[in-house]
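Good morning, and thank you for coming. Today I shall present one protein chain and the way its parts meet.

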Amino acid sequence: MLTYWAEYAHLPSGIGADVAIDVADGRITAIRPGAEPQGEVLPGVTLPGFANAHSHAFHRALRGRTHAGKGTFWTWREGMYALAGRLEPDTYLRLARAVYAEMALAGITAVGEFHYLHHAPDGRPYADPNAMGEALIQAAADAGIRITLLDTLYLAGGFGLPLEGAQRRFGDGSLEGWLDRVERLHAPPHAIVGGAVHSVRAVPAEAIAAFACSTEGRPVHVHLSEQRAENDACRAAHGCSPTELLEQCGLLGPDLTAVHATHLAAHDIELLRRSGTTACFCPTTERDLADGLGPARALAETGVRLSLGTDSNAIVDMFEEARAVEMHERLVSEERGRFSVEELLAAMTRHDTLGWPDAGHIDVGARADLVTVALRSPRTAGADPSGIVYAATAADITDVVCDGRRIVAEGRHASIDAGAELALAIGELWA
């Protein structure tokens, strides 16, 4: 048994002081507020581990390279495709390992990796058809975090269009081809293999319906209504919104997370609520790509649970993503306090949408995921521990424990120099 002693800890009952957290076999066995300092000391305020519900790890190599100039999501996508064509299993492993180490430093203990970079650049399978997915699973193990590999079905280049160019490596030819490949994936204890429909434009309706019948019980994600153009194209092809199409195909439900959910009508929101579908917002990416502001408060008020993701990894900072949800709502409504701190923290720590329902809270029996934030940095000095979500950045995280193992100590990753490895991996891709 190991004991972590937190100066302050965010418990289900609120902020506790001088909290001893006993851990055995990766789980919390006892919580003792008011204890004397003992064991591994965590000065600052300790929060549950963060869940990054939506990531494209390879997009990290675009940071600082695609943000200037005019354009839209669709023009940005061409740069992303160019990058996708440069990756092979070995280079992807090196990049993802460094990206996941950066996530660990930011307090992320589980990542949902929306994975569609399946095959060689010419579309042909590797000798091991899951070489790219296995590279991601290994990268997460090296970084010390859990991964939900959301292996993505991607069959079309748009409504009624074939896959072309860089898109060819995304596709398996058919749902049956995708299922055959995914069934061969091995998931070690730190990993879950889930599924994803890339979008209604990239998977024909009949394949979405068959996919829904084939993935019951797995965490499943889908890009939904990220751009108005997607909504318009769906109405032209099917006479309904993307959400209505997913409802007709039987994909909506408690196992599904709708990523972005930016351009929703009232009826779309009702369909998500009625089905128990959750929504994942990625405010930094949605802002960066000029996609628009999603109806976060409207979704939450109907009972749709929210999670957060870093998506393109233009920034890896869950505090920034959480604050953006609130600040965007303030700009739209011209009112403050649209979300409580508890609601924002719940979105930051929602591991259940990734298939890890026993994480995201500091409680007996839960996975021992702990994130300690300094209270004496230039950003957090003087802040009340209960308001740390509005003061801190990822740079203020000093210690991270995942499944009972300390993977970040005093601001340093236990085994990976994330900055150096990112520089090498990204430099190699653009050389």
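Over residues 47–406, the chain is 35% helix and 17% strand. The C-alpha atoms at the two ends of that stretch are 14 Å apart. Please keep in mind that this is a predicted model. The stretch was chosen from a record: an unreviewed UniProt entry annotates residues 47–406 as "domain: Amidohydrolase-related".

Let me turn to the domains. The protein chain is divided into domain 1, made of 2–48 + 363–413, and domain 2, made of 50–354. Between the C-alpha centres of domain 1 and domain 2 the distance is 29 Å. Their contact involves 26 residues from domain 1 and 27 residues from domain 2.

How is such an interface described? The accessible area that is lost when the parts come together is often used to state the size of an interface. Here, about 2100 Å² is buried between domain 1 and domain 2, and carbon and sulfur atoms give 67% of that area. Which three residues of domain 1 supply more of the area it buries against domain 2 than any other three? They are Val389, Tyr390 and His413, which supply 33% of it.

Next, the polar side of the interface. The rule finds two salt bridges across the interface of domain 1 and domain 2. It also finds seven residue pairs in polar contact across that interface, with both residues at pLDDT 80 or more.

Which elements of domain 1 touch domain 2 with two or more residues each? They are strand S4 (40–48), strand S13 (370–373), strand S14 (397–402), strand S15 (405–409) and strand S16 (412–413). Of these, S14 gives the most, with four residues. Sorted by class, the side of domain 1 that touches domain 2 has 16 nonpolar, five polar and five charged residues.

Finally, let us consider salt bridges in the whole model. By this rule the count comes to 30 salt bridges. One salt bridge joins Arg146 and Asp403, whose closest N and O atoms are 3.0 Å apart. Another is formed by Asp22 and Arg32, with the closest N and O atoms again 3.0 Å apart. Asp22 lies in strand S2 (residues 14–24) and Arg32 in strand S3 (residues 27–32), so this pair ties together parts that are ten residues apart in sequence.

To close, I would return to the interface: about 2100 Å² is buried between domain 1 and domain 2, and two salt bridges cross it. Thank you for your attention.

Terms used
Residues numbered from 1 in each chain as written. Predicted model: local features only at pLDDT ≥ 70, side-chain atom pairs only at ≥ 80, totals over all residues. Heavy atoms only, no water. UniProt positions renumbered as here; feature names shortened; annotations may be inferred. Domains from an automatic or database assignment. Contact = heavy atoms within 4.5 Å. Buried area = accessible area lost by both parts, 1.4 Å probe. Salt bridge = Lys/Arg side-chain N within 4 Å of Asp/Glu carboxyl O. Polar contact = N/O pair within 3.5 Å; in protein donor to acceptor, adjacent residues only side chain to side chain. Nonpolar A, V, L, I, M, F, W, Y, C, P; charged D, E, K, R; others polar.
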